[in-house]
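Here's a quick briefing for anyone meeting this structure for the first time. Have a look at the chain, then read on.

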Amino acid sequence: LDKKMEEIIIKTISAFSNAEGGKLLIGVTDDGEILGLDSDYNTLKEPNKDHFELHLRNIVNSAFGKEFAVTNLNVRFPIIDDLEICEIDIKPGNKPLYCEVTDKSGAVQKKFYVRSGNSSQELDIEDTASFIKKRFWNIDMSNIGGVIKSIRDIFRKDPGLSGDAQRIEQLGWMIFLKLFDDKDKEKEILD
């Protein structure tokens, strides 16, 4: 695989992960024509499916880490019309993924992509912050009473806390620290 194709694959994987997951097909044109993987295999020292998958996983590991590659991707090689293609199922991620992209002048920049229809769209910094807040930090407030009750029940079992006054103080600190942490993450993204 050439470097440009590797960047497209990484960009597409991150876009699917940042959105709601999806399927990436390699060896198939955008129009659905089956090309197969022979030309991709021929770029490798050992032109076969095993070395292709190894190379693919190495570039994903390098971009996003081994944990992501192991837990969020499922790679298969179905044969369609006597041609082998690569099918990558990408699960929706539980944290934002950024891509390092090299521009025309050779500078490397971190970018954020989401899948929209059949394309990977880059979001600007403001849209990225808003999207991440909605997609990854969305707290369901409809059951906040139940959440507080569950936390209170856990605190009641803690022998180090005596009385509701201490439990309320601890709960207040937990909520403060959670909000502080969320604001810190938001600031980090905007910087």
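Of the 191 residues in the chain, 32% count as buried, meaning under 20% relative accessible area (exposed is over 50%, partly exposed is in between; 1.4 Å probe, protein chains only). This is a predicted model, where local features need pLDDT of at least 70 and side-chain atom pairs count only at pLDDT 80 or more, while totals for chains, interfaces and linings use all residues. Residues are numbered from 1 along each chain as its sequence is written, and side-chain values use heavy atoms, leaving out hydrogens and water.

**Overall build**
- The chain has seven helices and eight strands, taken from DSSP runs (H or I of at least four residues for helices, E of at least two for strands) and numbered from the N terminus.
- Among contacts (heavy atoms within 4.5 Å) with a separation of 6 or more, 54% come from residues 24 or more positions apart.

**Surface**
- About 12700 Å² of the chain is exposed, with carbon and sulfur atoms supplying 53% of that; areas come from the Shrake-Rupley method with a 1.4 Å probe, and for residues only the protein chains shown count as cover.
- F176 sits in helix α7, which covers residues 164-190.
- With a relative accessible area of 44%, F176 is partly exposed.

**Cysteines**
- You'll find zero disulfides here, a disulfide being a pair of cysteine sulfur atoms within 2.5 Å.
- C86 is buried, at a relative accessible area of 0%.
- C99 is buried too, at 2%.
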